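Q: I am new to this structure. Please take one part of it and look at it closely, with the rest as background.

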Amino acid sequence: MLRYAFVTLVLVLFVPAAFAGQTSRPDPLQGKALAEKLCTNCHLVDGAQQQPANADVPSFHEIADREGQTAGAITARIIVPKHPMPTIPLTKAELANLATYILSLRDSAKP
């Protein structure tokens, strides 16, 4: 009986710790909130409620619709931006959320 109690105690204490490092799937809604907070000064994030800030800066829809666009490419561009885009310190989860949101804007008619 004591053995079962010990095993139960070990499972209760250590199994949650084993899964603590697991990350959840990227969340496009959190990505959208982040984009609205950080990116709207330059990018057209959601055309329904925003005016373009700079004609030379691509909208998120344009970024999403680029041929061969991937979450990895978007993430890389944010991590190592080209001038005039500033360096924005984001966590891996924030980067994934933002890239997922941008890709969610892809024109569904395009392959």
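A: The answer starts with the whole protein, then turns to the salt bridges, and ends with one helix.

This is a predicted model, in which local features need pLDDT of at least 70, side-chain atom pairs count only at pLDDT 80 or more, and totals for chains, interfaces and linings use all residues. Residues are numbered from 1 along each chain as its sequence is written, and side-chain values use heavy atoms, with hydrogens and water left out.

The protein has 5 helices and 0 strands. Helices (H or I, at least four residues) and strands (E, at least two) are DSSP runs, numbered from the N terminus. The order from the N terminus is α-α-α-α-α.

Of the 111 residues, 23% are buried. Buried means under 20% relative accessible area, exposed means over 50%, and partly exposed lies in between (1.4 Å probe, protein chains only). The exposed surface of the protein is about 8300 Å², by the Shrake-Rupley method with a 1.4 Å probe. Carbon and sulfur atoms supply 61% of that surface. Among contacts (heavy atoms within 4.5 Å) with a separation of 6 or more, 57% join residues 24 or more positions apart.

Now the close look: Lys32 and its partners. The whole structure holds 2 salt bridges. A salt bridge is a side-chain nitrogen of Lys or Arg within 4 Å of a carboxyl oxygen of Asp or Glu. One pairs Lys32 with Glu36, and their closest N and O atoms are 4.0 Å apart. Both residues sit in helix α2, 4 residues apart, so about one helical turn separates them. An α-helix has 3.6 residues a turn, so residues three or four places apart point the same way. Lys32 is partly exposed, at 27% relative accessible area. Glu36 is partly exposed too, at 38%.

Lys32 also meets Asp46 in a salt bridge, at 3.5 Å from N to O. Asp46 lies in the loop between α2 and α3, while Lys32 is in helix α2, so this pair ties together parts 14 residues apart in sequence. Through shared partners, Lys32, Glu36 and Asp46 form one network.

Helix α2 appears again in the cover of α5. Helix α5 covers residues 92-104. Its 13 residues should span 18 Å at 1.5 Å a residue, and the end C-alpha atoms are 18 Å apart, which agrees. The expected span is 1.5 Å times one less than the number of residues. Leu95, Asn97, Leu98, Ala99, Tyr101 and Ile102 of α5 are buried. Their cover includes α2 (28-38), α3 (60-64) and α4 (71-79).
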